[in-house]
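Hi,

Here is the structure I promised to pass along. Have a look through it first, and then read on for what turned up.

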Amino acid sequence: MTQSISSLDEHLIAEAVTRSVSRVPETGTLTGPGANFSTVGPGWRVWGVAVHREGDTLNIAIELVVTIDKDSSIPAISARVRDMVRAEIQSLTPEPVGWINIRIADVHVTEQEV
Amino acid sequence: MNIFNRILVILGILLLLMGCSTVLLITMGMWAPEQMMASPWHQIFTPLTQLDGTNWWSVVGVCVGLFLLGICLFFVELIPRSMKKSAVTVKKDDLGHITASLTSVQDLVNREAGKVDGVLESSTTVQESPDGIHLHCRLSVTPQASANSLGPQVQERAKEVVERYLGRNVVGIHIQTQMAPLGKNMTKVQSRVR
């Protein structure tokens, strides 16, 4: 059942973003004080995700840690994350999603040689 | 500090400078309080015209000190903050920006450099220009290593890993080798393999 998000609830939006990022293999949001982005409210903080509202549009910035192998690349992983996040948000709220900025904070390379 | 805070700080410094100047001018007898303010407000500053000896020097000394401090702070605030980029742009389109932190790119390059025989330590700086990415690699190598053969290997590996994973052109790779350790700012070669 789809949960309806009020237009002001950035907490749920940020958590939805984190959830959708975790569904993309080999990616995760950057957590902890090292993160440049976070969404903060009274008594809570979601690291690695920033939710901006511009008029009726939701803009999102995500900071990721990715693990890549020789068959993947940062643009490809980022595109998958964007698609996943956009789909997740649009399934929860009618608000249009504007830009989704992605910052790769750390890259791990798997054992496979380049 | 955002622009609003900086404007507030600059306004505060200007107020400090104006206050110090006013007190100095009145104390030194160059400006009469009656000229500055209408009665009865000028009486606030009248005691400054009646200072003598140690008190006069104390007031003048403190005001000169605060004035000089204000001037220094004013110029420091006017100097533009360093706009050094902390990330390279991987892709930019209508959907948003994709950027990679400089440290993540440096780690990728250092990891590749460390795979070349003879490289002990590596420190890389990354610069972005409109035509692509420039890499500057400082390498600490073994005494037996030949810079002529090692350099091209590092260049090739660094170019390949950056272009493969970031999808950006590498337009310049500068290699600097030395046998001494790289020092405090170096990044030790460390395979970041899972």
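Please keep in mind that this is a predicted model. I'll begin with chain B and then turn to where chain B meets chain A.

In chain B, residues 24 or more positions apart account for 63% of the contacts with a separation of 6 or more. Of the 194 residues in chain B, 25% are buried. You will find 6 helices and 5 strands in chain B, and their order along the sequence is α-α-α-α-β-β-α-β-β-α-β.

Now for the contact between the two chains. Chain A puts in 21 residues and chain B puts in 23. On the chain B side, four elements each supply at least two residues: the strands β1 (87–93) and β2 (96–101), and the helices α5 (102–114) and α6 (147–166). The largest share of that side comes from β2(B), with 6 residues. Sorted by class, the side of chain B that touches chain A has 10 nonpolar, 7 charged and 6 polar residues.

β2(B) is worth a closer look on your screen. Strand β6 of chain A, residues 97–109, runs parallel to β2(B), and 3 bridges join the two strands. If you want a spot to zoom in on, try A:Ile104, whose bridge partner in β2(B) is B:Ala100.

So which strand of chain B should you colour to see where β6 of chain A is joined by bridges? That would be β2(B), the element that also gives the largest share of the chain B side of the contact.

Happy to go through it together whenever suits you.

Best wishes

Methods. Residues numbered from 1 in each chain as written. Chains lettered and ligands numbered in written order. Predicted model: local features only at pLDDT ≥ 70, side-chain atom pairs only at ≥ 80, totals over all residues. Buried ≥ 20, exposed ≤ 12 C-beta atoms within 10 Å, placed from the backbone. Contact = placed C-beta atoms within 7 Å. Nonpolar A, V, L, I, M, F, W, Y, C, P; charged D, E, K, R; others polar. Pairing = 2+ DSSP bridges.
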